[in-house]
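Reader: Please take a close look at one part of this model, the metal site and what surrounds it, and set out how its pieces fit together.

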Amino acid sequence: MKGWIRSIMGLSRNDACWCGSGKKYKKCHADFDERLSEIKFRRDLGQMRPPRKIINNKEDIRKIKESAVINDAVLDLMAEMIKPGIDTVSLDDAAKNYIESHGAIPACLNFEGFPKNICVSVNDVVCHGIPSKNTILKEGDIVNVDVTTNLNGYFADASRMYIVGGKTTPEAQRLVDTTKEIMEVGIAAIRPWGWVGDIGAACKKRTKEAGYSVVTALGGHGVGKAFHLEPYVAHYADKNTGMLLVPGMVLTVEPMINQGDYHVDVDKKDGWTVRTHDGSLSAQWEKTVLITETGTEILAK
Ligand code: MF3
Ligand code: CO
Ligand code: CO
């Protein structure tokens, strides 16, 4: 497109770029917009153009990374603390303390009324487990700790699995290890100028091969300038569907994988705890991932 056509669209080549970088448009997102304008979005595949507000500039990315440093350290701390006999409020207290003493906010606290600082999900709990004095970890339990940090308005979100006492059954161990692999193949499927459905297609394939099922009721999400942003990241999807993935987008890949079938229930009393319907084990791993010009960069792990 010629410069004069752009200027009637609102931005000329010497104006400041819309991404907030402070650079001239022509030196920043002009080529990006050119490429975007050439893409034909297929409505039958649910293909969508990413909104500008979810595209992060260098400064945004630097701030998400600072938040992620704290978030990663909390998950490292959990590895040291998780032992048979510890209750999950002790984990919650330690996480809150670490995050606040580093000048940040535990993003889960009061999020849509969530009562604690982190989610701790044990065995058949799929996600959103509420830390409790009454939940005492025992040898062989498989535990997900999910932490989200808000530092100066920038969010980093990640979760890991921990095996209490370091040893569990071969079946539980395989679920934990395979779920990590499923997250990794999901991330490996990300291509700049590819599609969000590519992630779910890769997760779905690997899950089927392993004989497990993917939870479809919840998924990943854009993250960065808010806790949950577009796009929704399904872990069970088809290639070439959904939102276009472009450099500067930040999202989570966080598959929840069940040993049994994919159905889940939300606890009627607390309104949060998600459990497998059939009582089988469930595992989850989550990372915050940046889409770059050439591939991906892990921001929070
Ligand atoms: N951290 C979770 C996620 O991965 C969300 C937890 S919301 C809460 O998106 F309220 F349960 F904390
Ligand atoms: Co999370
Ligand atoms: Co998340």
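Author: The six donor atoms around the cobalt ion (ligand 2) subtend angles of 58 to 166 degrees, and the arrangement is therefore irregular; here four donors count as tetrahedral if all angles lie between 85 and 135 degrees, four count as square planar and six as octahedral if opposite donors are over 155 degrees apart and all others between 65 and 115, and anything else is irregular. Asp146 lies in strand β4 (residues 142-151) and Glu286 in the loop between β13 (282-284) and β14 (287-291), so this pair ties together parts that are 140 residues apart in sequence. Strands are DSSP runs (E, at least two residues), numbered from the N terminus. This is a predicted model, in which local features need pLDDT of at least 70 and side-chain atom pairs count only at pLDDT 80 or more, while totals for chains, interfaces and linings use all residues. Residues are numbered from 1 along each chain as its sequence is written, chains are lettered from A and ligands numbered from 1 in the order in which they are written, and side-chain values use heavy atoms, with hydrogens and water left out.

The protein donors of the cobalt ion (ligand 2) are Asp146 (OD), Asp146 (OD), Asp157 (OD) and Glu286 (OE), lying 2.0 to 2.4 Å from the ion, and along the chain the donors follow the spacing D-x10-D-x128-E. Donors are N, O and S atoms within 2.8 Å of the metal (3.2 Å for Na, K and Ca), and water is not among the atoms, so sites may look incomplete.

The cobalt ion (ligand 3) sits 3.3 Å from the cobalt ion (ligand 2), and Asp157 coordinates both. The protein donors of the cobalt ion (ligand 3) are Asp157 (OD), His221 (NE2), Glu254 (OE) and Glu286 (OE), at 2.0 to 2.2 Å, and their spacing along the chain is D-x63-H-x32-E-x31-E. The site of the cobalt ion (ligand 3) is also irregular, with angles of 51 to 162 degrees among its six donor atoms. Distant parts of the chain are linked here by His221, in strand β7 (residues 220-222), and Glu286, in the loop between β13 and β14, 65 residues apart.

Several of these coordinating residues are withdrawn from the surface: Asp146 is buried, His221 is buried with a relative accessible area of 5%, and Glu286 counts as buried at 1% relative accessibility. Buried means under 20% relative accessible area, exposed over 50% and partly exposed in between, with a 1.4 Å probe and protein chains only.

Ligand 1 shares residues with the metal site, for 14 residues surround ligand 1, the closest being Cys108, His221, His228, Glu254 and Glu286; a residue is near a molecule if one of its heavy atoms lies within 4 Å of it. A polar side-chain atom of Asp146 lies 3.1 Å from a nitrogen atom of ligand 1, an N or O atom in the side chain of Asp157 is 3.1 Å from an oxygen atom of ligand 1, and a polar side-chain atom of Glu286 lies 3.0 Å from an oxygen atom of ligand 1. Of the 340 Å² of accessible area that ligand 1 has on its own, the protein covers 96%, where accessible areas come from the Shrake-Rupley method with a 1.4 Å probe and, for residues, only the protein chains shown count as cover.

Conventions: Helix = DSSP H or I, 4+ residues; strand = E, 2+ residues; numbered from the N terminus. Polar contact = N/O pair within 3.5 Å; in protein donor to acceptor, adjacent residues only side chain to side chain.
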